[in-house]
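Biologist: I'm new to this one. Can you put it up and walk me through it?

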Amino acid sequence: MFHCVGLIDAKAITENMMVNLPTSILRYGVALIAVAVGLLVTVNVDFLLDRSSLALLFAAVIIAVWYGGRGPGLFALTLSVIGGEYFIIPPRYAVALSWDTAFPLFTFIPLSLMVIQLRSAFQQREISLRQSEARYHTLFEYAPDGIVIADPNGSYLDVNAAMCDMVGYSRDELVGMHSSKLVAVEEIPNVGAAIAQIKSESEYHREWQFRRKDGSLFPGEVIATAMPDGNLLGVVRNIIDRKKEKDRFGQVIEGSPNGIVMVEPGGEINLVNAQIERLFGYSRSELLGKPIEMLVPERYRGRHTGFREGFMRDPATRSMGSGRDLFGLRKDGTEFPVEIGLNPVETERGIMVLGTIVDITERKGAEEALRRSQEQLAGIINSAMDAIITVDSEQRIVVFNSAAERMFRYPADEAIAQSLDRFIPERFREGHHNHIRNFGRTNVTRRSMASLGAIFGLRSDGEEFPIEASISQLESDGQKFYTVILRDITERKTAEAQNRRLHETLENRVTERTADLEAANKELEAFSYSVSHDLRAPLRHIDGFVQLLAKREAEKLDPTSARYLDVISGAAGKMGMLIDELLAFSRTGRQEIRAVQVDLNALVRETLRVLEPAIGDRRIRWNIDLLPTVEGDPTLLGLVLANLLSNAVKFTRERDEAEIGVGVLEGTDEQATVFVRDNGAGFDMQYAGKLFGVFQRLHRDEEFEGIGIGLATVQRIVNRHGGRIWAEGEPGQGATFYFTVKKAQRRDV
Amino acid sequence: MNTKTILLAEDNPNDVELTLAALAEQNLANAVMVVQNGVEALDYLYRRGKFSERSGINPVVVLLDLKMPLMDGLQVLREMKGDPALKNIPVVILTTSREEKDLVESYDLGVNAYVVKPVGFNKFMDAIRHIGLFWILTNEPPPDTEDDSKARDTKQ
């Protein structure tokens, strides 16, 4: 750029110089006048000269050339030849030429041409000299670096604009100033030394601290040399930016989180940064100048030297010991894993090696942890009971665990990279693809596939089996992976089906049984309905007509006949009673129990009220305890108390003073044990088992009337309430009947 | 002449005879109209079939047996209590058994009394006597029972 500007400028200067020459008219005018004067003088003062002398014309040409240059010279020569021949060469004032008179012309023309040529050459040289000077001046003036010219003592003779700008002085102030005035105080001795060095070695290159007019300093690079004339030429460059950059670069190196070490060709440490100090535990001074092998564990040192020399033979940027684990050796003797990058750096002292050292202890730890966790995960996946299969977005299998191997009867190493389709029955493949695609579009990370309904897997031997599956998706490095967890539910399905069948069978059986039972019940109901109707009617008729007969024949009947009719009538009545009792007993078996809370105290009072007619005017001592509230059917429980109490009343008939007690034993929380005790006829315990049988009687009808169905009814009611009944007794000493019944759960009632 | 009639619906001739015998003791036997089953009972009440030419007023009480061929007593009761023209006629169920089911249904249908015929004849006599005395002599029958033209009009 600057060069261009310089050249253009130099050209402009040259042109300017040409324009400074006299104008063409003047130059040609001078030529014309010179020739005219030459002719006039020669013609008019020819007494002084040879008639044929062309000396003055020659002088005129020289003048014209000297003043006007080549063109006017040739112009003057032409005029001189024409004028000379006409006016001077004899015969005068004629154009005629003779060999002897033309001779002066033959001398004159070459001489003039020679002069013209000489002048022309001289002029050309002058122009180029001036151009060259202008060019150098431009360079000097426009150079970005400061340029000074000083005398051999060091005082400035000239300075350029850049130098002025750099130091803040004007040119006038600088010219005559000594070089030492422009440098920092401590640099002044160097100035003298520099001048001396230039004189002896003719070249000087160093950095100085320069001082500006305002006293501020800046670093400058100085190149100085002696010029042929003995003066000194100096070039000064402000290198503050370069310095700053270098400092910044130094800071970058110093502050780098990686350890950086520069090693000299011979293996000595040339430079380290702070991280190296931290990593290895040495201070900088302990490292500089020492062999790099001090940082290498002993067992690698020998090899390291070899490697280092190998690197020097073929220096290229590369990482050290690729594929091998590298270790650094700390000052305290401990080792740590490192990663090292090597860069050759060319310096004036040869190729140095810049090493970048990273402590990878943590990374190694993390890698180890990752490896362990992966191993664990693999272990878990492989020991899982469920098949775990991971596929990529192309449905290619990436993970295939042991359970999957067993389930599909296919080895994992063959399954990997295969399409999942291999394990899906063909008719489900399309549906499965759609499902995966739709699932991939959602952001749901896990979803049960059971919603698909029955899904099936395909074993390597072609067998299909029902599975239950759930799917999850994971995006890793921009790729989607789907993990499917599968469970073979063949057995479960079979068991379920079997269960269902069993259940159905059982249900059918229950339905059948229930129907049978219902039918039986209906039959029984119809039967007892018929019994009560159709069996009683004839009895009624027997008795009716016996009575009518007895009335009609009252006069004629002898006592025996009359007794016979009484017996017939009594038997019919007895049979009617039996039928009634049997029907009642049958009803207690079929009747539905409507369980409510029943206060036994109230129930006993009510029963005694009903019994009053049977008691009549007998003396009975009643010992009735406070009784619990129980759960049961009040009508049926009333029947129990009525039977037990009427029995007690009946069997104490022989006692002058009967004693009848109703009480409760200490029972459990759920059950109450109620008893009815009397001091009546009692019974022999060996017949206790017969007490509760239908039509079982322990007494003759003559002693105590009855048909033997009351206690059977009582037992049936107690049992149907989930209770138990039993009796204790002794002939002549009385009897006690116990029964258990469920207590009401709410005590406050 | 006593115009009060008792309608006895009973299929068993023994029962009919015993009932009549019992009523005879009260001198009420003449007023008894006996039919063999439910269909005849309704025919009588509606003056249909062989009773189409029946004259006279409605019975003061209907004694109904439950178990009868063709149509049982409950059915007759249902028809009577469902017909505004007959529903006011007192009905007494006179039956052999005391089935709870029958008892409940009879009262649901609006029976006026329910009597179980005792096995013992003396008790039976007592029962019949009470019925006769009460329904024929003591009880005042509903007004339209005596207005026979009205019943006929309603029916036609």
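Modeller: Sure. Start with the sheet in chain A. Its 5 strands form an open sheet in the order β2-β1-β5-β4-β3, with antiparallel pairing. Keep in mind that this is a predicted model.

Biologist: Which strands of chain A stand at the edges?

Modeller: β2 (156-159) and β3 of chain A. Each has a single partner strand, so one side of each is left without a neighbour in the sheet.

Biologist: And what does the twist average from one strand to the next?

Modeller: The average is 25°.

Biologist: Which helices pack on the sheet?

Modeller: Take helix α8 of chain A, residues 188-201: this helix touches β3, β4 and β5 of chain A. The direction of α8 makes about 160° with that of β3(A). Then there is helix α9 of chain A, residues 240-255, which also packs on the sheet and touches β3, β4 and β5 of chain A. The direction of α9 makes about 120° with that of β4(A).

Biologist: Back to the strands. How many bridges are there between β3 and β4 of chain A?

Modeller: 9 bridges, in the antiparallel sense. β3 covers residues 203-211 of chain A and β4 covers residues 217-226. The two form a hairpin with 5 residues between them. In that turn, A:G215 has a positive phi of about 90°.

Biologist: What about β4 and β5 of chain A, how many bridges join them?

Modeller: 7 bridges, and these strands run antiparallel. β5 is residues 232-238 of chain A. β4(A) and β5(A) form a hairpin with 5 residues between them. Here the turn holds A:G230, with a positive phi of about 95°.

Biologist: Give me a residue to click on. What stands opposite A:A224 in β5(A)?

Modeller: A:G234. On the β3 side, A:Y204 stands opposite A:A224 of β4(A). Try A:T225 as well: that residue stands opposite A:L233 in β5(A).

Biologist: Good. Now some helices. At what angle do α2 and α3 of chain A cross?

Modeller: Roughly 165°, with the axes coming within 8 Å. α2 is residues 24-44 and α3 is residues 55-68, in chain A. The angle makes α2(A) roughly antiparallel to α3(A). The crossing is right-handed.

Biologist: Which residues make that contact?

Modeller: From α2(A), they include A:L26, A:V30, A:A34 and A:L39. From α3(A), among them are A:L57, A:I63 and A:Y67. By class, the contact divides into 13 nonpolar, 3 polar and 1 charged.

Biologist: Switching to A:I116. Is this residue buried or exposed?

Modeller: Buried, because its relative accessible area is 2% and the cut-off for buried is under 20%. A:I116 sits in helix α5 of chain A, residues 99-142.

Biologist: What is A:I116 in contact with, leaving aside its neighbours within four places in sequence?

Modeller: A:V61, A:V65, A:R70, A:G73, A:L74 and A:L77. You can also look at A:G71, which is 45 residues apart from A:I116 along the chain. Their C-alpha atoms are separated by 8.8 Å.

Biologist: OK, chain B. How many helices and strands does chain B have?

Modeller: 6 helices and 5 strands. Along the sequence, the pattern in chain B is β-α-β-α-β-α-β-α-β-α-α. Of the 156 residues in chain B, 53% are buried. Take the contacts in chain B between residues at least 6 apart in sequence: 66% of them join residues at least 24 apart.

Biologist: Where do helices α17(A) and α1(B) meet?

Modeller: On the α17(A) side, look at A:R540, A:H541, A:G544, A:F545, A:L548 and A:K551. They meet B:N14, B:D15, B:E17, B:L18, B:A21 and B:E25 in α1(B). The contact has 4 nonpolar, 3 polar and 5 charged residues.

Biologist: How do their axes cross?

Modeller: At roughly 45°, coming within 10 Å. That makes α17(A) oblique to α1(B). The crossing is left-handed. For reference, α17 is residues 490-552 of chain A and α1 is residues 13-25 of chain B.

Biologist: And α17(A) with α18(A), at what angle do the axes cross?

Modeller: Roughly 165°, and the axes come within 9 Å. The two helices are therefore roughly antiparallel to each other. The crossing of α17(A) and α18(A) is left-handed. Their contact divides into 14 nonpolar, 6 polar and 5 charged residues.

Key: Residues are numbered from 1 along each chain as its sequence is written. Chains are lettered from A and ligands numbered from 1 in the order in which they are written. This is a predicted model: local features need pLDDT of at least 70, side-chain atom pairs count only at pLDDT 80 or more; totals for chains, interfaces and linings use all residues. Side-chain values use heavy atoms; hydrogens and water are left out. Two strands pair if DSSP finds at least two bridges between them. Helices (H or I, at least four residues) and strands (E, at least two) are DSSP runs, numbered from the N terminus. Buried means under 20% relative accessible area, exposed over 50%, partly exposed in between (1.4 Å probe, protein chains only). Contact means heavy atoms within 4.5 Å. Axes are lines fitted to C-alpha atoms, for helices over the stretch in contact, and angles run from 0 to 180 degrees between N-to-C directions. Angles under 35 degrees count as roughly parallel, over 145 as roughly antiparallel, 65 to 115 as roughly perpendicular and the rest as oblique. A crossing is left-handed if the near helix is turned anticlockwise from the far one by less than a right angle, and right-handed if clockwise. Ala, Val, Leu, Ile, Met, Phe, Trp, Tyr, Cys and Pro count as nonpolar, Asp, Glu, Lys and Arg as charged, and the others, Gly among them, as polar.
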